[in-house]
Number of protein chains: 2
Amino acid sequence: MRITLAQINPIVGDIEGNTKKIKNIFINNDLATDLTVFPELAITGYPPKDLLEKKSFIKKTQIALYDLVRFSRHCSKKGMLFGTPFLDKANGKLYNAAILCCGGVISSIHKKTLLPSYDVFDETRYFNSSEKLFLSYFKGEKLGISICEDIWNVSNFIPKRVNYPINPIDSLAKMGATVFINISASPFHIGKERIRYKLISHYAKKYKTPFIYVNQVGGNDELIFDGRSLCFDKNGKPIIVFSGFKESVQDIDTKSVGVSNFKFEDEIESLYEALILGIRDYVKKCGFSKVVIGLSGGIDSAVTCVLAKEALGSSNVFTISMPSMFSSRGSISDARKLAKNISVEFKIIKINNIYRTYIQGLKSFFLKTSFGLAEENIQARIRGNILMALSNKFDYLVLSTGNKSELAVGYCTLYGDMCGGLNVISDVPKTLIYKLANFINQNSKVIPIEIIKKAPSAELRPNQKDQDVLPPYSILDKILSYYIDEGLSYEDIIKKGLDPATIEWTIRAVNRSEYKRWQAAPGLKVTAKSFGFGRRMPIAAKYE
Amino acid sequence: MRITLAQINPIVGDIEGNTKKIKNIFINNDLATDLTVFPELAITGYPPKDLLEKKSFIKKTQIALYDLVRFSRHCSKKGMLFGTPFLDKANGKLYNAAILCCGGVISSIHKKTLLPSYDVFDETRYFNSSEKLFLSYFKGEKLGISICEDIWNVSNFIPKRVNYPINPIDSLAKMGATVFINISASPFHIGKERIRYKLISHYAKKYKTPFIYVNQVGGNDELIFDGRSLCFDKNGKPIIVFSGFKESVQDIDTKSVGVSNFKFEDEIESLYEALILGIRDYVKKCGFSKVVIGLSGGIDSAVTCVLAKEALGSSNVFTISMPSMFSSRGSISDARKLAKNISVEFKIIKINNIYRTYIQGLKSFFLKTSFGLAEENIQARIRGNILMALSNKFDYLVLSTGNKSELAVGYCTLYGDMCGGLNVISDVPKTLIYKLANFINQNSKVIPIEIIKKAPSAELRPNQKDQDVLPPYSILDKILSYYIDEGLSYEDIIKKGLDPATIEWTIRAVNRSEYKRWQAAPGLKVTAKSFGFGRRMPIAAKYE
């Protein structure tokens with residue numbers, strides 16, 4: 001059987017545009033293919049979130065669904081399989097479904113069985129679970145069709161999160177599937193493609209059945225979908241593995257024999273590409289073309305800036321240095337050098353005078369108090385105000401530049417450096433920022449070495465260094481990974497041999513910063529546990 | 001049967017404190033009572049959110065659970081019924097449960113059947129559904145015990161949201177329950193207590209069975225729990241209805257005969273009390289005692305200020321006027337008058353100079369551009385910076401003062417007037433703000449009449465009025481209610497007889513402001529559909 005895998009980048013909510021894209025691919029593709037496969041919820045893009053609660057939206061999806069079915073008559077020899085919300089008129093329930101159609105009529109409707117409701121997923125909020133699994137007889141094959149999470153009920157590949165009652169792939173195999181197809185919208189995080197690869201290969205091999213996997217690609221708010229659609233032969237060897245992070249449409253024959261060796265992309269390179277796609281899609285899908293970034297001369301804003309330049313082109317990135325009396329000599333020159341290296345516009349606004357007028361205005365209030373957090377944050381918020389003024393005036397989207405380690409312990413200023421439409425690296429721990437910087441510099445010194453070598457500093461008071469307050473980043477990132485990513489407790493982390501006082505400090509800092517993260521800009525998710533939508537913590541609470 | 005209803009205000013996550021509170025009430029209460037009933041998830045407070053994903057947290061809840069059970073031996077004649085997460089060791093699954101214990105042993109464990117997963121609720125993210133309903137034989141009665149949502153699977157009281165498979169109360173009735181008990185954590189919204197009252201009365205009457213309902217009270221982040229625990233006799237007449245918005249412990253006898261007439265609290269009074277509780281609990285549970293509010297001389301900040309004074313006392317409310325060259329003459333004097341009326345501290349910081357230094361710093365960038373949104377927002381963000389500086393310096397929590405109508409259409413400045421730890425009135429439409437103001441003024445002119453009478457204005461440019469840009473609030477609020485609260489589409493709203501161009505403007509404004517609301521402070525939910533956690537919209541999207 002010849003199958004076309006259509007790894008598309010839909011826009012969330014844009015039913016008309018997405019449907020058009022599906023039609024174009026279907027009609028322009030090789031006529032000799034038997035079936036063109038699109039990702040999960042291809043009509044709406046994933047995740048449509050509470051758009052699914054609007055009756056008018058659901059109605060439009062149903063119109064689009066039947067429109068696509070009718071359209072399939074234009075190539076009557078080819079089938080089309082696509083994901084869509086499906087409102088079952090028989091019971092009034094909404095499903096996350098895959099529609100198989102051919103020659104203008106529906107062949108079968110496959111409802112998703114396992115609905116994820118953890119981390120960033122909310123599917124039980126909207127959808128009902130399939131009542132019945134079955135095979136679809138199509139072009140001489142028995143297709144075992146499933147949707148995303150349906151393949152994930154396994155415990156030997158990932159820690160089991162949910163006690164799902166069944167494994168739909170096992171069930172479809174027992175029924176005698178001759179080809180497995182899974183349509184997905186499976187978001188990227190570092191290393192996930194390896195798990196996915198092994199998992200799907202395992203099914204193919206175990207059941208001696210080719211397995212086709214078609215994943216959405218593109219950035220949607222916090223989530224980056226890497227695509228990396230693939231097909232395994234019946235021995236679990238890859239016939240094709242799509243490149244990540246771009247749209248792609250390719251044919252395979254399920255009878256092909258896969259290759260023996262497959263080389264995974266380097267993890268840092270993968271992260272780099274993910275962030276670029278995440279920026280590009282967020283900026284464009286929000287209707288912007290240009291961004292503004294405050295360059296401090298530090299590594300976080302430097303890495304963010306290089307990523308933005310890769311995503312949008314040099315002419316669409318505007319950078320600005322906003323030094324105060326506390327900025328080091330290098331902060332302007334290093335930033336300027338970086339901007340020059342990547343050919344982005346660079347300007348300077350000194351904030352000393354503005355800062356002084358605040359202090360003047362607050363003088364009678366701040367009498368007899370000493371320089372402290374308030375004075376530091378005023379500076380950060382002046383910078384935020386300037387960035388937003390440029391945004392408002394010139395229609396730039398502000399990219400904020402805080403890393404995950406800072407955001408975790410609240411070492412950042414709400415409405416200050418946290419200002420922005422998108423926080424590019426908010427899920428990248430500081431230690432990983434350095435790896436990204438070195439990756440960027442592997443062929444040429446894009447990021448000036450001074451920026452990489454200098455001790456991190458917020459430069460909000462004389463001779464300030466991050467390490468005056470924070471544990472060394474190598475230690476901090478370890479504790480954060482245990483506490484946030486793995487969900488371990490204070491007692492658990494002590495067993496890992498780390499200093500109890502440091503652990504305690506870190507946990508307290510994380511817990512008391514929830515209020516800042518509640519108001520943080522959307523940040524690109526690149527680890528298994530990011531701040532944002534997938535982590536829902538109370539604020540006015542008392543724990544740990 | 002004599003039952004004590006314990007309407008408590010737990011702190012989310014504070015297992016130790018909540019357990020202590022439960023023990024104190026249990027042991028200090030009348031010995032002659034047969035059973036003391038506490039709300040849903042009383043051990044953790046509701047909603048504990050992702051604390052439920054922490055293994056160490058769940059472990060602590062299980063220790064507390066068995067500790068409470070053992071504690072029940074101290075009054076061996078009394079039973080205790082309380083809500084808690086329950087980790088069933090038999091299957092490793094987590095449940096939202098009610099534990100009935102007496103004399104140091106567990107009598108029965110009742111798992112919640114219907115798990116809400118809509119609006120602000122995420123229960124399918126954490127919990128599993130009960131496999132089995134049963135009655136508990138206790139002191140000669142057959143108790144039909146249920147938890148919160150279990151009573152809500154009815155279509156004649158509210159629009160049916162979810163196709164739940166069963167109605168647990170009907171099932172318990174069929175088994176022969178002689179007393180119904182429902183433990184809840186049911187958040188307030190305007191008018192909800194009437195629905196709840198009718199619903200529970202309906203069950204009591206239909207099944208000729210007394211019905212006890214114990215609800216949590218208190219503010220937890222966005223949610224305000226009104227309590228209003230109650231008991232109906234077997235004819236559906238109220239034996240007792242607790243006052244809303246405060247902790248209360250009272251006994252009833254299920255054999256008592258209810259009264260004929262019950263008068264509901266006025267809706268505006270109820271809203272007023274809800275907001276006061278919401279402020280008080282958020283501020284205190286976050287560990288603050290004082291707040292700062294920017295007084296503009298407008299009605300929104302005036303109402304917020306009066307509510308804060310009621311919640312925290314005059315001495316804990318600090319107010320500041322921050323006029324610019326665009327502020328009207330009345331903006332200072334009206335604000336001062338209000339502050340004087342309620343005896344809160346009032347200061348002035350003029351922002352003219354600070355604003356000028358920004359414009360000076362941005363001069364070379366803003367050449368040949370005319371005064372616009374950028375210049376307006378700079379002013380709002382200067383005010384935000386000053387409020388936050390006072391917050392950082394003196395440990396005030398900033399209360400922001402934007403109303404629901406503004407927030408809906410994005411008529412507010414991100415990082416400007418949106419700054420704050422809590423947005424008090426973000427779920428109160430402008431037209432309702434006026435009603436609140438009149439309610440506040442019903443006995444004496446607390447809010448100066450000038451504040452109520454003046455045309456709303458952001459005062460960010462000469463002679464600006466809200467109505468220059470926005471539709472009249474009476475129209476706007478109608479459209480917003482249809483679009484946001486009821487989820488109607490453009491076409492649906494046209495059928496209501498409103499102007500198509502105004503509807504279109506409003507819908508566009510709402511949709512393009514999602515990015516602002518993503519970063520908004522938590523706001524107190526007082527309507528059936530508020531912005532915040534219960535409304536999850538994509539940003540980089542294209543729809544309607």
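# Exercises on helix packing, sheets and the chain contact

In H5(A), residues A:Ile268, A:Glu269, A:Leu271 and A:Tyr272 meet A:Lys435, A:Leu436 and A:Phe439 of H11(A). The model from which these exercises are drawn is predicted.

## Exercise 1. Helices H5 and H11 in chain A and chain B

Task: Determine how H5(A) is oriented relative to H11(A), and characterise the contact of H5(A) with H11(A) by residue class.

Solution.

Step 1. H5(A) packs against helix H11 of chain A, residues 430-440, at an angle of about 90°, and their axes are 10 Å apart.

Step 2. Angles of 65 to 115 degrees count as roughly perpendicular. H5(A) is therefore roughly perpendicular to H11(A).

Step 3. The contact of H5(A) with H11(A) comprises five nonpolar and two charged residues, with no polar residues.

Step 4. Turning to chain B, helix H5 (residues 267-285) and helix H11 (residues 430-440) pack at an angle of about 90°, with axes 10 Å apart. H5(B) and H11(B) are therefore roughly perpendicular to each other. H5(B) contributes B:Ile268, B:Glu269, B:Leu271 and B:Tyr272, and H11(B) contributes B:Lys435, B:Leu436 and B:Phe439. By class, this contact of H5(B) with H11(B) has five nonpolar, no polar and two charged residues.

## Exercise 2. Helices H1 and H2 in chain A

Task: Establish whether H1(A) and H2(A) are roughly parallel or roughly perpendicular, and give the handedness of their crossing.

Solution.

Step 1. Helix H1 of chain A spans residues 15-28 and helix H2 of chain A spans residues 55-71; they pack at an angle of about 15°, with their axes 11 Å apart.

Step 2. Angles under 35 degrees count as roughly parallel. H1(A) is therefore roughly parallel to H2(A).

Step 3. H1(A) and H2(A) cross in the right-handed sense.

Step 4. From H1(A), residues A:Ile15, A:Thr19, A:Ile22 and A:Lys23 meet A:Lys60, A:Thr61, A:Ala64, A:Asp67, A:Leu68 and A:Phe71 of H2(A). The contact of H1(A) with H2(A) has five nonpolar, two polar and three charged residues by class.

## Exercise 3. Strand E15 of chain A

Task: Describe the surroundings of E15(A) and its pairing with E18(A) and E16(A).

Solution.

Step 1. Strand E15 of chain A covers residues 290-294, and four of its five residues are buried, so E15(A) is largely enclosed by the rest of the structure.

Step 2. E15(A) runs parallel to strand E18 of chain A (residues 396-400), to which three bridges join it. In this pairing A:Val292 is opposite A:Val398 of E18(A).

Step 3. Four bridges connect E15(A) with strand E16 of chain A (residues 317-321), also in the parallel sense. A:Gly294 has A:Ile320 of E16(A) as its bridge partner.

## Exercise 4. The open sheet of chain B

Task: Give the strand order of the open sheet of chain B, identify its edge strands, and locate H2(B) against the strands.

Solution.

Step 1. The open sheet has six strands in the order E5-E4-E3-E2-E1-E14 (chain B), and its pairing is mixed.

Step 2. Strand E5 (105-111) and strand E14 (248-253) of chain B are the edge strands, as each pairs on one side only.

Step 3. From one strand to the next, the twist averages 30°.

Step 4. E14(B) pairs in the antiparallel sense with strand E1 of chain B (residues 2-7) over six bridges. Here B:Arg2 is opposite B:Asp253 of E14(B).

Step 5. Helix H2 of chain B (residues 55-71) lies across strand E3 (79-88), strand E4 (93-102) and E5 of chain B, and it runs at about 150° to E3(B).

## Exercise 5. The contact between chain A and chain B

Task: State how many residues each chain gives to the contact, and examine A:Arg535.

Solution.

Step 1. Chain A gives 71 residues to the contact and chain B gives 72 residues. On the side of chain A that touches chain B, H9(A) gives the most, with 13 residues. By class, that side of chain A has 33 nonpolar, 20 polar and 18 charged residues.

Step 2. A:Arg535 is placed in the segment after H17 of chain A. A:Arg535 has 17 other C-beta atoms within 10 Å and is partly exposed.

Step 3. Apart from its neighbours within four places in sequence, A:Arg535 is in contact with A:Lys529, A:Ser530 and B:Asp50.

Key
Residues numbered from 1 in each chain as written. Chains lettered and ligands numbered in written order. Predicted model: local features only at pLDDT ≥ 70, side-chain atom pairs only at ≥ 80, totals over all residues. Axes fitted to C-alpha atoms, helices over the stretch in contact; angles between N-to-C directions. Helix = DSSP H or I, 4+ residues; strand = E, 2+ residues; numbered from the N terminus. Parallel < 35°, antiparallel > 145°, perpendicular 65-115°, else oblique. Left-handed = near helix turned anticlockwise from the far one by under 90°. Contact = placed C-beta atoms within 7 Å. Nonpolar A, V, L, I, M, F, W, Y, C, P; charged D, E, K, R; others polar. Buried ≥ 20, exposed ≤ 12 C-beta atoms within 10 Å, placed from the backbone. Pairing = 2+ DSSP bridges.
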